[in-house]
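User: Please pick one residue and take a close look at it. Then work outwards from that spot and show how its surroundings fit into the whole chain.

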Amino acid sequence: EPEAAPAACIALGRRLIEVANSLTPASLVVASTAVAKLTVADSHVVGGLEMALHRQLHQLHLSSLPAVLDTLRHLYAACPDSDALLSSQDRLTLISNLTGRLSRQLRQL
């Protein structure tokens with residue numbers, strides 16, 4: 001059933017955002033990456049994952065930041081016309097903070 005797989009992926013993504021606050025930062029990154037690889041094209045899921053990553057931004061381990069950026073790229077590609085829960089300014093802030101942390105660490109190397 002081709003309809004069942006996308007519906008199941010969306011259901012999985014929605015369940016993830018329900019429990020996102022109880023996940024450790026590392027678990028959130030792994031779960032977000034898995035949902036992104038499933039190419040879930042649901043704006044509610046994309047927005048929920050953005051909010052969860054935004055809340056735990058400063059707790060994310062530095063080595064996970066490239067994976068988080070790649071996850072966001074996959075999510076945005078799967079749902080390009082999303083009216084996600086974060087405003088475009090908040091989305092820009094999230095991306096800027098992620099890339100800023102990464103670039104600061106690279107400068108120290």
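Analyst: Helices (H or I, at least four residues) and strands (E, at least two) are DSSP runs, numbered from the N terminus. By that rule, Gly13 sits in helix 1. The residue numbers count from 1 along each chain as its sequence is written, and the model is predicted, so local features need pLDDT of at least 70, side-chain atom pairs need 80 or more, and totals for chains, interfaces and linings use all residues. Side-chain values use heavy atoms, without hydrogens or water.

Start with Gly13 itself. Gly13 has a relative accessible area of 0% and is buried (under 20%; over 50% is exposed, in between partly exposed; 1.4 Å probe, protein chains only). Which residues does Gly13 touch, leaving aside neighbours within four places in sequence? The partners are Val35 and Val45. Contact here means heavy atoms within 4.5 Å. Ala34 is worth a look too. Its C-alpha atom lies 9.2 Å from that of Gly13, although 21 residues separate the two along the chain.

Now follow the two valines. Val35 belongs to helix 2 and Val45 to helix 3. The axes of these two helices come within 11 Å and cross at roughly 160 degrees (lines fitted to C-alpha atoms over the stretch in contact, with angles from 0 to 180 degrees between N-to-C directions). Helix 2 and helix 3 are therefore roughly antiparallel (over 145 degrees; under 35 is roughly parallel, 65 to 115 roughly perpendicular, the rest oblique). Helix 2 brings Leu28, Ser32 and Val35 to this contact. Helix 3 brings Val45, Leu49, Ala52 and Leu53. Both partners of Gly13, Val35 and Val45, are thus on the list for the helix 2 and helix 3 contact.

What lies between these helices? A loop joins helix 2 (25-37) to helix 3 (43-55), and Thr39 is in it. Thr39 has a positive phi of about 50 degrees, although it is not a glycine.

Move on along the chain. Helix 3 packs on helix 4 at about 160 degrees, with the axes 11 Å apart. That makes helix 3 roughly antiparallel to helix 4. Val46, Leu49, Glu50 and Leu53 come from helix 3. Val68, Leu72, Leu75 and Tyr76 come from helix 4. Leu49 and Leu53 serve here, and they also serve in the contact with helix 2.

The next pair is helix 4 (residues 65-78) and helix 5 (residues 88-108). Their angle is about 150 degrees, and their axes are 9 Å apart. Helix 4 is therefore roughly antiparallel to helix 5. From helix 4 the contact takes Leu65, Pro66, Val68, Leu69, Leu72 and Tyr76. From helix 5 it takes Arg91, Leu94, Ile95, Leu98, Thr99, Arg101 and Leu102. Val68, Leu72 and Tyr76 face helix 5 in this list, and they appear in the helix 3 contact as well.

Step back to the chain. There are 5 helices and 0 strands. Along the sequence the pattern reads α-α-α-α-α. Of the 109 residues, 37% are buried, Gly13 among them. Among contacts between residues at least 6 apart in sequence, 79% join residues at least 24 apart.

A word on confidence. The mean pLDDT (predictor's confidence per residue, from 0 to 100) is 84, and 89% of the residues reach 70 or more. Among the elements, helix 1 (residues 4-19) has the lowest mean, 83, and helix 2 the highest, 91. Gly13 is in helix 1, the element with that lowest mean.
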